[in-house]
Amino acid sequence: MDKVFLVTVVTIFPDMFPGPLAYGLSGKAIGSKWSLQTINIRDFANDKHKTVDDTPFGGGPGMIMRPDVVHDAMLAALAKYDNKPKIIFMSPRGKTLTHHVVQELSSNKHGLIILCGRYEGIDERVIEFWKENHNMIEISIGDYILFGGEIPAMVVIDTCIRLLDGVMKNPNSTFDESFSLDCLEYPQYTKPRIWCQRRVPDVLLTGNHKQIAEWKRSESLRITSERRPDLLCRNRRL
Ligand code: SAH
């Protein structure tokens, strides 16, 4: 049997996991298609108060996570793998998460290590070290600031798990979803055929698969060019 996709989250709040990931199809697939481990950064603090942060050199607001403590926690995460996992630091300064980034992340058979920051962030030296020595990449989930990297990590995990083989009941559902062909999805309908005097488009009731496919494609292009024309000419590389 193939090894499951191992995700290790490095955080000061391990109890937040698996959280929402335990529900629905991602939850069903835990154990068979992917598995989740956490490393509690606080376990690597080296004083009796279990301190993981300190004040910033040069002044400024808030606290910064210490490089020595974070580094030891990351080494413990890495020790769980016999191959090279993709290593990610959740960071508002990172590359924005897109479907194509997710495709690259989920195709790494050795799984992921995800480092979550808290407070004002993490000492730059440990970020540099893991980028230089372990190809760590910084990923942002969008241009806004959250309290910590845990919710962003859940977003990365959720999106990656959806793309793993065998997680979705119908693998085609990940092919024609929004973004997978650089297009937004066409409109979808279910029963009843008439609701509030609104009819389901006739073409979908014809049973003519070719016409239906053409309609879906043209609706998809129409909606994308109206709402997100930038997607139609986007660069696909990570
Ligand atoms: N002072 C930092 C923000 C710290 S927020 C700055 O101005 O850039 C604390 C932590 O939350 C970050 O270290 C990061 O791990 C996480 N975080 C916050 N917003 C994020 C985002 N948009 N994407 C990914 N991670 C984020």
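The following exercises, each with a worked solution, concern a predicted model of a protein chain.

**Exercise 1. The sheet**

Work out the order in which the strands of the open sheet lie, and decide which strands stand at the edges.

Solution. Begin with the pairings of strand E1. E1 and strand E2, which covers residues 34–40, pair in the parallel sense over 7 bridges, and valine 9 has threonine 38 of E2 as its bridge partner. E1 is also joined to E6 by 4 bridges, again with the strands running parallel, and here threonine 8 stands opposite isoleucine 113 in E6.

Next, follow the sheet onward from E6. E5 and E6 run parallel and are joined by 4 bridges, with lysine 86 placed opposite leucine 112 of E6.

Put together, the open sheet has 5 strands in the order E2-E1-E6-E5-E7, with parallel pairing. E2 and E7 stand at the edges, because each has a single partner strand and one side of each is therefore left without a neighbour in the sheet. On average, neighbouring strands of this sheet are turned by 30° against each other, if direction is ignored.

Finally, place two helices relative to the strands. H3 packs on the sheet, where it touches E1, E5, E6 and E7, and its direction makes about 165° with that of E5. H4 lies across E5 and E7 and runs at about 125° to E5.

**Exercise 2. Strand E1 and valine 9**

Determine how far E1 is covered on its two faces, and describe the surroundings of valine 9.

Solution. Start with the count: 7 of the 7 residues of E1 are buried. Then separate the residues by face, bearing in mind that in a regular strand the side chains alternate between the two faces of the sheet. Phe5, Val7, Val9 and Thr11 lie on one side of E1, Leu6, Thr8 and Val10 lie on the other, and all of these are buried, so that both faces of E1 are covered.

Now turn to a single residue of this strand. Valine 9 is found in E1, and it counts as buried because its relative accessibility is 0%, the limit being under 20%. When neighbours within four places in sequence are left aside, valine 9 is in contact with Phe17, Leu36, Gln37, Thr38, Ile39, Ile114, Cys116 and Ile157.

**Exercise 3. The nonpolar cores**

Identify the elements that supply the largest nonpolar core, and examine the contacts of leucine 112.

Solution. The largest nonpolar core has 25 residues, and those with the most contacts inside it are Trp34, Leu105, Leu112, Ile114, Val156 and Ile157. At least two residues of this core come from each of strand E1 (5–11), strand E5 (86–96), helix H3 (99–106), strand E6 (112–115) and helix H5 (150–162). H5 gives the largest share, with 6 residues.

Leucine 112 shows how these parts meet. Not counting residues up to four places away in sequence, leucine 112 touches Phe5, Leu6, Val7, Thr8, Tyr81, Pro85, Lys86, Ile88, Leu105, Val156 and Cys160. A second, separate core has 22 residues and includes Ile12, Ile39, Val69 and Trp130.

**Exercise 4. The two sides of helix H4**

Decide which residues of H4 are buried and which are exposed, and why the buried ones are placed on the same side.

Solution. In helix H4, residues 124–134, the buried residues are Val126, Ile127 and Trp130. They are on the same side of H4 because they cover an arc of only 105° around the axis. On the other side of H4, Arg125 and Glu132 are exposed.

The buried residues of H4 pack against helix H2 (67–78), E5 and strand E7 (137–140). Just after H4, asparagine 135 takes a positive phi of about 50°.

**Exercise 5. The domains and glutamate 219**

State the bounds of the two domains, and find out whether glutamate 219 is buried or exposed.

Solution. According to the domain assignment, the protein chain has domain 1 at 5–161 and domain 2 at 183–233. The centres of domain 1 and domain 2, taken over C-alpha atoms, are separated by 38 Å.

Glutamate 219 is found in helix H6, residues 209–227. Its relative accessible area is 14%, and therefore glutamate 219 is buried. Apart from its neighbours within four places in sequence, glutamate 219 is in contact with Tyr186 and Pro187.

Methods: Residues are numbered from 1 along each chain as its sequence is written. This is a predicted model: local features need pLDDT of at least 70, side-chain atom pairs count only at pLDDT 80 or more; totals for chains, interfaces and linings use all residues. Side-chain values use heavy atoms; hydrogens and water are left out. A nonpolar core is a set of buried Ala, Val, Leu, Ile, Met, Phe, Trp, Tyr and Cys residues joined through side-chain atoms within 4.5 Å. Buried means under 20% relative accessible area, exposed over 50%, partly exposed in between (1.4 Å probe, protein chains only). Contact means heavy atoms within 4.5 Å. Two strands pair if DSSP finds at least two bridges between them. Domain bounds come from an automatic or database domain assignment. The arc is that of the directions from the helix axis to the C-beta atoms. Axes are lines fitted to C-alpha atoms, for helices over the stretch in contact, and angles run from 0 to 180 degrees between N-to-C directions.
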